[in-house]
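Me: Please take a close look at one part of this model for me, the strand pairing and the side-chain links that go with it. I would rather have one connected account than a list.

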Amino acid sequence: QVQLVESGGDLVQPGGSLRLSCAASGSFFSIYTMGWYRQAPGKQRELVATSTSGGNTNYAGSVKDRFTTSRDNAKNTVYLQMNSLKPEDTAVYYCYANVRLGIGGPVYNYWGQGTQVTVSS
């Protein structure tokens, strides 16, 4: 099994910064894409940012130039640096990972439990 544990969510004022972390643990062969989604109350879950094992990144238009995702492949950890936060960034942020459990086996998606980010004065 694979577990994803997020940390770093908090209450922050508009214009502030937060750094989220997500560490994968368990028994698996390799991790491909890791990334972040978020879900605000009453809204659908939306993609925030993704990062491939090769270092390619992709961002939602609403966070581009404010958020940066990075990975430490040796630690199986993905980060989300969030700057210039706005009230509309308030949401539960979920980490996910595409994981191949065994050599030649299928790839599964795993999700973290979510971490709350609240941007408010």
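Reply: Two strands are taken to pair if DSSP finds at least two bridges between them. By that criterion, β3 and strand β8 (residues 77–82) pair in the antiparallel sense, with 6 bridges between them. The model is a predicted one, and what follows should be read with that in mind.

This pairing belongs to an open sheet of 4 strands, arranged in the order β1-β3-β8-β7 with antiparallel pairing. At its edges lie β1 (2–7) and β7 (67–72), each of which pairs on one side only, and from one strand to the next the twist averages 15°. Within the pairing of β3 with β8, A23 stands opposite T77 of β8.

On its other side, β8 is joined to β7 by 6 bridges, and these two strands also run antiparallel. F67 has M82 in β8 as its bridge partner. The two strands make a hairpin with 4 residues between them, and in the turn N76 has a positive phi of about 50°. The side chains of β7 alternate along the strand: F67, T69 and R71 point to one face and are buried, whereas T68, S70 and D72 point to the other face and are not buried.

A covalent link starts from β3. A search of the whole structure finds 1 disulfide, formed by C22 and C95, whose sulfur atoms are 2.0 Å apart. Its torsion about the S-S bond is about -75°, so the disulfide is left-handed. The pair links distant parts of the chain, since C22 lies in strand β3 (residues 18–26) and C95 in strand β9 (residues 91–100), 73 residues apart. Buried means under 20% relative accessible area; C22, at 0% relative accessibility, therefore counts as buried, and C95 is buried because its relative accessible area is likewise 0%.

Charged side chains supply further links. Side chains of opposite charge can pair when their charged atoms come close. The structure holds 3 salt bridges, and R38, E46, R66 and D89 are linked in a network of them. In one of these bridges R38 meets E46, at 2.6 Å from N to O. R38 is buried because its relative accessible area is 6%, while E46, with a relative accessible area of 35%, is partly exposed.

R38 also meets D89 in a salt bridge, at 3.0 Å from N to O. This pair links distant parts of the chain: D89 is in the loop between β8 and β9 and R38 is in strand β4 (residues 30–39), 51 residues apart. D89 forms a salt bridge with R66 as well, the closest N and O atoms being 2.8 Å apart. Here too distant parts of the chain are linked, D89 in the loop between β8 and β9 with R66 in the loop between β6 (57–59) and β7, 23 residues apart. D89 is buried because its relative accessible area is 1%, and R66 is buried too.

The surface offers a contrast to these buried links. F29, Y32, I103 and V107 form a nonpolar patch there, with about 400 Å² of accessible area together. I103 is found in the loop between β9 and β10 (107–111), and because its relative accessibility is 72%, I103 counts as exposed.

Key. Residues numbered from 1 in each chain as written. Predicted model: local features only at pLDDT ≥ 70, side-chain atom pairs only at ≥ 80, totals over all residues. Heavy atoms only, no water. Disulfide = S-S within 2.5 Å. Buried < 20%, exposed > 50% of the residue type's maximum accessible area, 1.4 Å probe, protein only. Axes fitted to C-alpha atoms, helices over the stretch in contact; angles between N-to-C directions. Patch = residues over 30% accessible without salt bridge, like charges linked within 9 Å, V, L, I, M, F, W, Y side chains within 5 Å. Areas by Shrake-Rupley, 256 points an atom, 1.4 Å probe, with all protein chains shown as cover. Salt bridge = Lys/Arg side-chain N within 4 Å of Asp/Glu carboxyl O.
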